[in-house]
Amino acid sequence: MPPSQPLSPALADALARHVATGARRTRTDLPGGYAVVAGFGPDGPTGDLRVAVLAPSPRGRICNACFSPGTALPAATRLLVRAVREAPAVPCGPTVRPAPADVAAHLTIGAPEQRPGEPGLFVGYGHATGWLCDGRLGVTLGSAASGASITLSGPWDAVAVAAVVDCALLELTDAQALAAEVSALLPARWNRVLHDQWHPAAAVLLPRHSPGPDDPLGRVFSRELMAVGRDLLTRWPDLEMQPFLSNEGAAVALRVTRREAQVPELVKFARLVPPRAGEPPISVLHSEYVPPAVRTARRAALAGERL
């Protein structure tokens, strides 16, 4: 349900005014017919910030959210705006909760798992853990007292819920900060830096260009990329670097991490992908870098498929 007018600045102003005044409860109309109701928990302004976002006609509640003290208001605003963007067209319709496995299939960050004997879906992302259960997403940042929760109302599908989970983990961990800082240090040819899929204290340098036709195995490209990485470490010695290698052994990307965060290195996971119907009968070796626990789980799943 994309808003017809810019929603983010108005929502940010409404939350900032509420926090500044310390009012027990405020309601603010937003562009496009939306509205936000903000309040505090039992501890008042020093405690949790509680927010409800309401949709325009047909009137309905998009979500309720609770943010622990210390949560940056810009991060809270971006998460709420993402929930509005992903919300169902008729939020007052019957509640629909997609299956955890369906949500997990659409996540782009973190390591999802369903734990035996426990309901819902858990998603680990560095020091953050997300727990999605019955339409409520809770994210803890190292302790139960820090983080946020958001409860989605209405008929949400798995793709939209996964987008909100991704956004919550990214915003509450400030995962895009390192990528922005590294990008600012690199020349334009090499400054495509993205947040890491597995840890908020890491970023991935993906060059804007590829090896040329005169470098089919990427050897020259690899040497240039590694030189960029070494120069980055010289200028910023608090970083560590891990190259991602192609099946031919050439570096194709670099993962940079903050040394003080002690981010575990990733390991290479490779599998043969059989051809699809109508394609040449040639299997493709697909490789990616994942946490060791994820590689172990995937290998176990592949072994089970062969039985």
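In this predicted model, His 127 sits in the loop that links β6 (121-125) to β7. Setting aside neighbours within four places in sequence, His 127 touches Thr 140, Leu 141, Gly 142, Thr 173 and Pro 200. The chain also brings His 127 and Ala 201 together across 74 residues of sequence, with 9.4 Å between their C-alpha atoms. Even with those contacts, His 127 counts as partly exposed, because its relative accessible area comes to 44%.

A few other loop residues are worth a look. Thr 46 belongs to the loop between β2 (35-40) and β3. With a relative accessible area of 64%, Thr 46 is over the 50% cut-off and so counts as exposed. Its C-alpha atom is 9.5 Å from that of Ser 68, a residue 22 places away along the chain. Asp 134, in the loop between β7 (128-133) and β8 (136-141), has a phi near 55°, which is a positive value in a residue other than glycine. Asp 134 is exposed too, since its relative accessibility is 60%. Another aspartate does the same with its backbone: phi of Asp 174 is near 55°, again positive in a non-glycine residue. Asp 174 is found in the loop that runs between α4 and α5 (177-183).

Turning to the helices, α2 covers residues 73-86, and its length checks out. At 1.5 Å a residue, its 14 residues should span 20 Å, and the C-alpha atoms at its two ends are indeed 20 Å apart, so the expected and computed spans agree. The buried residues of α2 are Ala 75, Ala 76, Thr 77, Leu 79, Leu 80, Val 81, Ala 83 and Val 84. Elements that cover these buried residues include the helices α1 (8-21) and α4 (158-173), along with the strands β3 (49-55), β4 (60-67) and β9 (147-152).

How do α2 and α4 lie relative to one another, roughly parallel or roughly antiparallel? Their axes come within 9 Å and cross at roughly 170°. Angles over 145 degrees count as roughly antiparallel, and the two helices are therefore roughly antiparallel to each other. On the α2 side, the contact is made by Ala 75, Arg 78, Leu 79, Arg 82, Ala 83 and Glu 86, while α4 contributes Ala 160, Ala 163, Val 164, Cys 167, Ala 168 and Glu 171. Sorted by class, that contact has eight nonpolar residues, four charged ones and no polar ones.

What about disulfides? The structure holds zero of them. Cys 63 shows why: the closest cysteine sulfur, in Cys 167, is 11 Å from its own, which is too far for a bond. Cys 133 is in no disulfide either, as the nearest cysteine sulfur, that of Cys 66, is 17 Å away. Cys 63 is also buried, because its relative accessibility is 0%.

Zooming out, the protein comes to seven helices and 15 strands. Its C-alpha trace spans about 65 × 50 × 40 Å along the principal axes. Of the 307 residues in the protein, 43% are buried. Among contacts between residues at least 6 apart in sequence, 49% join residues at least 24 apart.

Note on methods
Residues are numbered from 1 along each chain as its sequence is written. This is a predicted model: local features need pLDDT of at least 70, side-chain atom pairs count only at pLDDT 80 or more; totals for chains, interfaces and linings use all residues. Side-chain values use heavy atoms; hydrogens and water are left out. Helices (H or I, at least four residues) and strands (E, at least two) are DSSP runs, numbered from the N terminus. The expected span of a helix is 1.5 Å times one less than its number of residues. Buried means under 20% relative accessible area, exposed over 50%, partly exposed in between (1.4 Å probe, protein chains only). Contact means heavy atoms within 4.5 Å. A disulfide is a pair of cysteine sulfur atoms within 2.5 Å. Axes are lines fitted to C-alpha atoms, for helices over the stretch in contact, and angles run from 0 to 180 degrees between N-to-C directions. Angles under 35 degrees count as roughly parallel, over 145 as roughly antiparallel, 65 to 115 as roughly perpendicular and the rest as oblique. Ala, Val, Leu, Ile, Met, Phe, Trp, Tyr, Cys and Pro count as nonpolar, Asp, Glu, Lys and Arg as charged, and the others, Gly among them, as polar.
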